[in-house]
Amino acid sequence: MTIENAARRSHLVCDPAELRTLFLFEKLDDDQLAWLCADGRIEYIEPGLVFREGDPATCFYVLMDGEVRLTKLSGGTEIELNRTDHKGAYAGAWSAYLGDKADSNYTGSMYVTRKSRFYVLDAGTFARMMHEWFPMAVHLLEGAFFGNRNTTQRVAERERLLALGSLSAGLTHELNNPAAAAVRATSGLRERVAGMRHKLAMMADGKFQPEVLVTLVRLQEEAAAQVAKAPELTPMEAADREDMLGEWLEEHEIGDGWALAPNFVQAGFDVDWLEGVWGTLECCPNKVFEGAIRWLNYTIETELLMNEIADSTARISTLVGAAKQYSQMDRAPFQVVDIHELLDSTLVMLNRKLGDGVHVVKEYDRSLPPVPCYAAELNQVWTNLIDNAVYAMRGEGTLTVRTCKENDCAVVEIGDTGPGIPADVRRRVFEPFFTTKPVGDGTGLGLDISFRIVVNKHNGDIRVESEPGDTRFIVRIPLHRPEQNEEGALETQEARE
């Protein structure tokens with residue numbers, strides 16, 4: 001107790017008869033009431049702070065006269081939970097009977113709004129009283145407290161494993177597509193290179209004049225360069241060009257010209273370019289011209305296949321990078337990060353679940369400064385919120401991810417266009433094991449876990465605002481952490497270095 005708090009308190013005589021009027025003590029016998037008076041005390045406390053959230057829980061308080069205000073920190077701001085003048089209301093070290101097995105700090109703050117009178121019992125004395133007088137009740141309460149905590153932990157672990165399995169399946173599916181495309185392109189590339197070797201042998205057989213061969217090599221370089229800058233065509237434009245090129249190739253007696261036309265169109269070539277090739281090789285036999293066209297076609301196909309391999313492998317690298325960002329592999333648990341990187345990696349990991357029916361809108365405030373946080377755990381929060389949003393929209397709608405700065409907090413909103421959450425359900429969404437999903441579809445721990453990560457671990461705040469067509473979960477994370485956490489993060493970073 002500080003000197004200032006001590007000066008605001010005065011001790012009074014304890015009357016067992018008055019204690020009996022309090023609902024907590026009305027069933028105690030005379031000896032027990034006398035024991036409470038001998039070991040406890042009556043105090044008058046002047047208006048102000050009685051105890052602060054997070055400080056060691058040293059006393060158990062029972063209100064006898066006056067009024068108290070109970071608060072809890074949320075996003076760095078004290079939120080009033082209750083204000084009461086009810087005689088017998090209690091607060092403080094009420095869980096001291098659990099001993100070292102539970103948190104021994106005050107879980108909230110208590111203020112006196114006017115001069116008030118309390119019965120005060122030291123935490124250790126309160127714990128001894130509970131164990132001596134109510135051993136069976138203590139066992140039942142311990143069983144309920146630790147049983148519920150263990151159940152929550154076990155189910156939460158299973159929830160994480162299920163989420164990990166779902167993410168792994170989605171990531172595997174996302175990786176399989178570009179990997180399969182790269183394998184197919186590699187196989188096709190091998191065939192085209194073999195065809196080019198065959199045509200090269202024919203061209204080197206003396207059928208081409210040296211100056212024609214030089215021109216053909218130049219055309220080959222043009223073809224390779226053109227593939228890289230081919231214009232984007234609409235399906236209708238591409239079909240029209242294929243018809244024109246197919247007819248031109250057929251008129252010039254190129255076998256299977258209709259099969260070659262799509263490659264030339266995809267590379268961005270038209271009839272005028274082919275006319276230029278024809279003019280260069282007009283003096284050569286028709287078979288030589290056809291061989292030259294096929295040689296150029298092999299060049300185009302080779303470039304297209306290499307582009308496909310490059311795109312596929314780049315996609316794989318992007319997915320692997322997103323997975324590492326999401327899991328925070330090889331990174332310190334506590335770090336200062338760009339919150340947008342976490343959100344983007346989560347969206348990539350959930351891409352398969354989003355599907356084609358969900359339109360994602362990002363409204364990022366890029367001026368938002370880096371956020372000190374446990375990055376991997378915040379990714380779990382985004383996963384839970386986005387997964388719930390997609391479920392609420394039944395896979396069709398608009399998912400909005402918005403960021404901004406509000407006071408000294410980074411704000412992240414996850415919004416959906418689902419049917420909304422009824423008012424009676426909104427009050428309970430963060431309760432453990434509460435779910436509106438059918439049996440087997442949810443455990444009711446996703447939002448509870450998210451709440452504990454945001455509120456308990458980051459001293460932040462999470463709340464929901466909902467109406468039909470507009471449901472938003474709003475997360476606030478302080479931009480400045482308490483000094484001890486920052487020092488811990490610095491020590492972790494130095495250890496890694």
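Student: What makes Glu 237, Asp 240, Asp 243, Glu 247, Glu 250, Glu 251, Asp 270, Asp 272 and Glu 275 a negative surface patch?

Tutor: In this predicted model, the patch is formed by those Asp and Glu residues, and Asp and Glu are the side chains that count as negative. Members of a patch must have over 30% relative accessible area and no salt bridge, and like charges are joined within 9 Å, so the name negative surface patch follows for this group.

Student: Which elements give two or more residues to the negative patch?

Tutor: They are α7, which covers residues 235–251, and α9, which covers residues 271–281. Helix α7 gives the most, with six residues.

Student: Why is Glu 250 called exposed?

Tutor: Glu 250, which is found in helix α7, has a relative accessible area of 52%. Exposed means over 50%, so with its 52% Glu 250 is rightly called exposed.

Student: What makes Phe 23, Leu 24, Tyr 90 and Trp 94 a nonpolar patch?

Tutor: Phe, Leu, Tyr and Trp are among the side chains treated as nonpolar, and such side chains are joined into a patch within 5 Å. Together, Phe 23, Leu 24, Tyr 90 and Trp 94 have about 400 Å² of accessible area on the surface.

Student: Why does Trp 94 count as partly exposed?

Tutor: Trp 94, in the loop between β6 (90–92) and β7 (109–122), has a relative accessibility of 45%. Buried means under 20% and exposed means over 50%, so the 45% of Trp 94 falls in between and the residue counts as partly exposed.

Student: How do you know that Arg 128 forms a salt bridge with Asp 39?

Tutor: The closest N and O atoms of Arg 128 and Asp 39 are 3.3 Å apart. A salt bridge asks for a side-chain nitrogen of Lys or Arg within 4 Å of a carboxyl oxygen of Asp or Glu, so the pair qualifies at 3.3 Å. Arg 128 lies in helix α4 (residues 123–133) and Asp 39 in helix α3 (residues 30–39), so this pair ties together parts that are 89 residues apart in sequence. As for accessibility, Arg 128 counts as partly exposed at 36%, and Asp 39 counts as partly exposed at 30%.

Student: How many salt bridges does a search of the whole structure find?

Tutor: The search finds 22 salt bridges. One of them joins Arg 41 and Glu 43, with the closest N and O atoms 2.6 Å apart.

Student: Are Arg 41 and Glu 43 buried or exposed?

Tutor: Arg 41 has a relative accessibility of 18%, while Glu 43 has a relative accessible area of 0%. Buried means under 20%, so Arg 41 counts as buried, and Glu 43 is buried as well.

Student: What makes the pair of Arg 472 and Glu 465 a salt bridge?

Tutor: Their closest N and O atoms are 2.8 Å apart, and the limit for a salt bridge is within 4 Å, so Arg 472 and Glu 465 meet the condition. Arg 472 counts as partly exposed at 22% relative accessibility, and Glu 465 is partly exposed with a relative accessible area of 36%.

Student: Which residues are linked with Arg 472 and Glu 465 in a network of salt bridges?

Tutor: The network links Glu 363, Arg 402, Glu 413 and Asp 470 with Glu 465 and Arg 472. Within this network, Glu 413 lies in strand β12 (residues 409–416) and counts as buried at 11% relative accessibility.

Student: How do you know that the side chain of Glu 413 makes a polar contact with the side chain of Arg 402?

Tutor: That contact has a distance of 2.7 Å, and a polar contact requires a pair of N or O atoms within 3.5 Å. The side chain of Glu 413 also makes a polar contact with the side chain of Arg 472, at 3.5 Å.

Student: Why does Arg 476 count as buried?

Tutor: Arg 476, in strand β14 (residues 470–478), has a relative accessibility of 16%. Buried means under 20%, so Arg 476 counts as buried. Its side chain is joined to that of Glu 406 by a polar contact of 2.7 Å.

How values were computed. Residues numbered from 1 in each chain as written. Predicted model: local features only at pLDDT ≥ 70, side-chain atom pairs only at ≥ 80, totals over all residues. Heavy atoms only, no water. Areas by Shrake-Rupley, 256 points an atom, 1.4 Å probe, with all protein chains shown as cover. Charge placed at Lys NZ, Arg CZ, Asp CG, Glu CD. Helix = DSSP H or I, 4+ residues; strand = E, 2+ residues; numbered from the N terminus. Buried < 20%, exposed > 50% of the residue type's maximum accessible area, 1.4 Å probe, protein only. Polar contact = N/O pair within 3.5 Å; in protein donor to acceptor, adjacent residues only side chain to side chain.
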